[in-house]
Amino acid sequence: MADYNYDFLVIGAGPAGEAAAMAAAKNELTVGVVDNQKLLGGNCTHKGTIPSKALRHAVKQFVHFNSLSIFRSIGSAIALTYPTILESAKTVIPKQVELHSEFFTRNRVTVHHAHARFIDKNKIEIMNENGVRDIIHAKNIMIATGSRPYRPDDVDFSHPRIYDSDTILEMQETPRTIIIYGAGVIGCEYASIFAGLGLKVDLINSRESLLSFLDGEISDALSYHLRDHGVMVRHNEVIDKLEASEKGVTLKLKSGKRIKADALLWCNGRTGNTDQLGLEKTGLTANHRGQITVDHSYQTEVEGIWAAGDVIGWPSLASASYDQGRAVVANIVGDVGHYIDVAPTGIYTIPEISSVGKTEAELTSAKVPYEVGRAFFKDTARGQISGEDVGMLKILFHIDTFEILGIHCFGAEASEIIHIGQAIMNQPGEANSIKYFVNTTFNYPTMAEAYRVAALNGLNRVNRHN
Ligand SMILES: Cc1cc2nc3c(=O)[nH]c(=O)nc-3n(C[C@H](O)[C@H](O)[C@H](O)COP(=O)(O)OP(=O)(O)OC[C@H]3O[C@@H](n4cnc5c(N)ncnc54)[C@H](O)[C@@H]3O)c2cc1C
C-alpha cells in the first residue's frame, strides 16, 4: 500500500474536477486526481453532454439532408438506424479523451484511476480495478463525483427494452416507437433526437408545460415544434406501473391511460454520486438526491472539503461545473472565487433553445415595467439563406432605462446566438442597453441581425407609447 501526499486532491475528472486540477497546478499546488473510469473526461465526455450532443448533431444533419430539395436531385431520402448514427456520434469521444488527457499531462497532474473513499477529512483510500489499495493525504479535498440517472426500485433497468440516459448510448436496435418518461432537458433533447430519426415518440411530462423554467412563449414553441415533428407530448401524467416483455413495454399512467411502445427511456431525475464516498467518516451528509450543500465559496460544512459540479445540484451543467471548479481553487489560494448564481440555459432540442436573465412571468410578478422586442429567423437574411428559418429571438428590456433584463431564443444555433446578448447584459451601468444593437454595425448577413431587428421592434413599441 503506497502513501501519497498532495496540497489538493480532486475526486472526479469531469468538468469540475478537471478545471480545478488545472487551476491548482497553475497556482503551483501539488495536485492529485482520482477518477474511477479508465479514461479521462468524466461522465460529461462518456455519458452526458458529449455523446448526446454528437448524437443530436448527426440526427440534425440527417434531417437536413432528407429535407433539402437540392439533395433529392442526387438521390432519394435515406433511412439510417440508431446504431449507425450512434457509432458516428461516438467517434468524438476518443478525440475528447485525448484532449483532456493532454491537459493533465501538460500540467503534470497525477491521475489515479481508482475508486475513492474518505477515511477522514484529510485522508482518502483509493482502490483500483485490480483491488490494489493506496492512501492519499491532502490538506484540501474537492468532491467532483458528478451524478447518475435516478433509478427507482420498481423499474427493471436490467430489462433489454428499458433504458436510462447512460444505457441508451448502448442500444443496438432502432425501435419503431419509444416512450420517454420525464420531460426535463434530457427527456426533451432525446425526444428531438428520436423524432428526427423517424421514431414515434411519446413524451410523458408530470407538469403542465414543458421546461416550466423557460419563458412561456419559448416553452410553447418547443411543445409546438416537438408535436410538429411527430412527438406526442402528454402533460400532467404520472407513472402508475411499467410492464415489459420480449415484445415491448406498457406504461400505465395514474390517469388510467395505457401506452405501448417498443422501448422506454427513463429520464426522470438524477442522483449525486455520494453513496460510495464514505462521507460518514467526515461528518458530511448528502440530501435525499445525493447532493452536498456548499457555501458561496463552494466549501462544504467541513473545513477543507470542497464540492463542485453536479454533486452540488443546480445548475448541473458542464458549463457551470468548469467555473465552479476554478472558483474552488481561487478560494483556496486566497483569490475571490466567483460564485455562479446565473448561468445561461442551452437546450439542444430541435429547434435549439437558449436563454439568459428574467422571463416575462418573473418580470410581471416583480412588477417591473418592461417591453419586448422580437425578431423571427424567417425574416433575417441569414435564416433565409441557411434554410434554418424556424426560430425567434426575444429581448426583454426596462421601459425607462432600456436595460436588458432577459434574452430568450429558439432556433438553429440559439445557444451561440445568446452569447452576443449575454455579453451586453453583463456590461456595467448604462452600457447594458438594448440601444447597443441599433447603434452598432454587425457583419451581414449573420444572426446578429436578429438582435438589431428585435431591438428596433422593441424600441418602436416604446416610442409608440411616448
Ligand atoms: C444526457 C446528458 C446531456 C447533457 N447535456 C449537457 C449540455 O448540453 N450542456 C451542459 O452544460 N451540460 C450537459 N449535461 C450535464 C453535464 O454532463 C454535467 O453537468 C457535467 O458532466 C457535470 O460535471 P462534473 O464535473 O460534476 O462530473 P461528471 O462529468 O459527472 O464526472 C464525475 C466523475 O467522477 C467519477 N467518480 C464518481 N464517484 C467517484 C469516486 N468515488 N471515486 C472516483 N471517481 C468517482 C465519475 O466516474 C466521473 O468520471 C448533460 C448531462 C446528461 C446526462
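Here is a short walk through a predicted model, starting at its ligand and ending among its aromatic rings. Residues are numbered from 1 along each chain as its sequence is written, and side-chain values use heavy atoms, without hydrogens and water. Local features need pLDDT of at least 70 and side-chain atom pairs 80 or more, while totals for chains, interfaces and linings use all residues.

**Stop one: the ligand**

Select the ligand and its surroundings: 35 residues are around it, counting those with a heavy atom within 4 Å. Asp35, Asn36, Thr49, Asp310 and Ala318 are the closest.

Now click on Lys53, where a polar side-chain atom sits 2.9 Å from a ligand oxygen; a polar contact here is a pair of N or O atoms within 3.5 Å. Next, try Ser316, whose backbone N or O atom is 3.3 Å from an oxygen atom of the ligand. The protein covers 93% of the 1000 Å² of accessible area that the ligand has on its own (Shrake-Rupley method, 1.4 Å probe).

**Stop two: the rings**

Move on to Phe397 and Phe402, a stacked pair at 6.4 Å centre to centre with 20° between the planes. Rings pair when their centres lie within 6.5 Å; planes under 30 degrees apart are stacked, over 60 edge-to-face, and the rest tilted. Phe397 has 0% relative accessibility, so it counts as buried (under 20%; exposed is over 50%, partly exposed in between).

Then pick Tyr436 and Phe437, an edge-to-face pair at 5.6 Å and 90°. Tyr436 is partly exposed at 34%, but Phe437 is buried at 0%. Add Phe442 and Tyr451 to see one aromatic cluster with Tyr436 and Phe437.

Technical notes:
A polar contact is a pair of N or O atoms within 3.5 Å; within protein, one must be able to donate a hydrogen and the other to accept it, and residues adjacent in sequence count only if both atoms are side-chain atoms. Rings of Phe, Tyr and Trp (its six-membered ring) pair if their centres lie within 6.5 Å; planes under 30 degrees apart count as stacked, over 60 as edge-to-face and the rest as tilted. Buried means under 20% relative accessible area, exposed over 50%, partly exposed in between (1.4 Å probe, protein chains only).
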